[in-house]
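Dear colleague,

Please find below the structure that I am handing over to you, followed by an account of what was found in it. I should be grateful if you would read the account with the structure open beside it.

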Amino acid sequence: SDKVLFMYHDHLLEESTNCWGCMYNMPAAQIRKCSYKNHFTGNVLHDEKLTRLSTLMESFYARGVKPIVFFDMRTVPQCASPVEQKQYIELLSDEVLRIINQYNAREWVFVESTDLDFLKLLRKKDNKVKLMMDGNNANGMIQLCLENGFNGIVVENKHLHKQHVLQAHQHKLFVTTFNVKTNADHVAAINKWVDYIQ
């Protein structure tokens, strides 16, 4: 609620933490008190707190060699009205661009989303930030990238084929894949010639 971005996968805190409620409605001071749930398939560290995005960016900014960082954006709060959602997207886009500029991160941060309108808004506000369309329809997303000046696509490994990667590369688009868990998955992803594996 006070425009501080946190790294968290969901909108509802009860999904993965000991807190309840929608992040959209809560101030940063309250969110910082939340700890991740401890369970076998997820986090096994005790009392791990949610982290502000700026904390991560500060640590990377100090490095001589920068990592490649993907901002995988969730843009529609489940607990916001349609009017609030529109305002939220506007504020979210401003804050994402502010952080990228503050840490001089245009070369090492990609912003990805399934939300076409959000990506279009970012492109309208900044024609140099790296934007990636996220989804499972590689051919359709390549076309959207070309129409809107985006920089690449993000496709789950099981939905991505080498021909998609070749087509994207012909248009100078990056390709990222995810859900690559086994050794065989890694070999398959590498053999598709993807640019990045998340």
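**Aromatic pairs**

In this predicted model, the count of aromatic pairs comes to nine, with ring centres required to lie within 6.5 Å. One of them joins Phe60 and Trp108, whose rings are 6.5 Å apart centre to centre, with 80 degrees between the planes, in an edge-to-face arrangement. This pair links distant parts of the chain, 48 residues apart: Phe60 belongs to helix α2 (residues 53-61), whereas Trp108 is in the loop between α3 (82-102) and β4 (109-113). Both Phe60 and Trp108 are buried.

Phe110 and Phe174 form another pair, with ring centres 5.3 Å apart; their planes meet at 80 degrees, so the pair is edge-to-face. Here too distant parts of the chain are linked, since Phe110 is in strand β4 and Phe174 in strand β7 (residues 174-178), 64 residues apart. How do the two residues stand in terms of accessibility, buried or partly exposed? Phe110 has a relative accessibility of 0% and therefore counts as buried, while Phe174, with a relative accessible area of 28%, is partly exposed. Phe110 and Phe174 also belong to one aromatic cluster together with Phe70 and Tyr196.

**Trp193 and Asn179**

The ring of Trp193 has the charged end of Lys162 over it, 3.9 Å from the ring centre. Trp193 lies in the loop between α7 and β8 (196-197). Its backbone also deserves a look: although Trp193 is not a glycine, it has a positive phi of about 70 degrees.

A positive phi is also found at Asn179, a residue other than glycine, where the value is near 60 degrees. Asn179 is placed in the loop between β7 and α7 (183-191). Its relative accessibility is 36%, so Asn179 counts as partly exposed.

**Nonpolar cores**

The largest nonpolar core has 42 residues, and those with the most contacts inside it are Met57, Phe71, Val96, Ile100, Val109, Val111 and Ile153. Helix α3 gives the most to this core, with seven residues. For Met57, the contacts beyond four places in sequence are with Phe71, Ile99, Tyr103, Ala105, Trp108 and Val109. Trp108 thus appears both among the contacts of Met57 and as the partner of Phe60 in the aromatic pair.

A second core, separate from the largest one, has ten residues, including Cys19, Ala28, Cys34 and Leu50.

**The largest pocket**

The largest pocket has a volume of about 980 Å³. Of the 33 residues that line this pocket, Leu5, Phe6, Tyr8, Met73 and Tyr88 are the closest to its centre. Two or more lining residues come from each of β1, α1, α2, β3 (69-72) and α3.

**Three buried residues and their surroundings**

His11 is found in the loop between β1 (6-7) and α1 (28-31). With a relative accessible area of 14%, His11 falls under the 20% limit and is therefore buried. Apart from neighbours within four places in sequence, His11 is in contact with two stretches: Gly21, Cys22 and Met23 on the one hand, and Arg74, Thr75, Val76, Pro77 and Gln78 on the other.

Ala189 lies in helix α7 and, at 0% relative accessibility, counts as buried. Not counting residues up to four places away in sequence, Ala189 touches Asn157, Thr177, Val180, Val194 and Ile197. Between the C-alpha atoms of Ala189 and His161 there are 8.9 Å in space, with their positions 28 residues apart in sequence.

Leu160 lies in the loop between β6 (152-156) and α6 (162-170). Leu160 is buried, with a relative accessible area of 1%. Which residues surround Leu160 in contact, leaving aside neighbours within four places in sequence? They are Val155, Val165, Val175, Thr177, Lys192 and Val194. Thr177 and Val194 are thus in contact with Leu160 and are also touched by Ala189. As for Tyr103, 57 residues from Leu160 along the chain, its C-alpha atom is separated from that of Leu160 by 32 Å.

Yours sincerely

Note on methods
Residues are numbered from 1 along each chain as its sequence is written. This is a predicted model: local features need pLDDT of at least 70, side-chain atom pairs count only at pLDDT 80 or more; totals for chains, interfaces and linings use all residues. Side-chain values use heavy atoms; hydrogens and water are left out. Rings of Phe, Tyr and Trp (its six-membered ring) pair if their centres lie within 6.5 Å; planes under 30 degrees apart count as stacked, over 60 as edge-to-face and the rest as tilted. Helices (H or I, at least four residues) and strands (E, at least two) are DSSP runs, numbered from the N terminus. Buried means under 20% relative accessible area, exposed over 50%, partly exposed in between (1.4 Å probe, protein chains only). A charge sits over a ring if NZ of Lys or CZ of Arg is within 6 Å of the ring centre and within 35 degrees of the ring normal. Contact means heavy atoms within 4.5 Å. A nonpolar core is a set of buried Ala, Val, Leu, Ile, Met, Phe, Trp, Tyr and Cys residues joined through side-chain atoms within 4.5 Å. On a 1 Å grid over the protein atoms alone, a cavity is a set of points where a 1.4 Å probe fits but cannot get out, and a pocket is an open set with protein on both sides within 12 Å along at least five of seven lines; lining residues have an atom within 4 Å of a point. Grid points are joined across faces, edges and corners, and a volume is the space filled by probe spheres set on the points.
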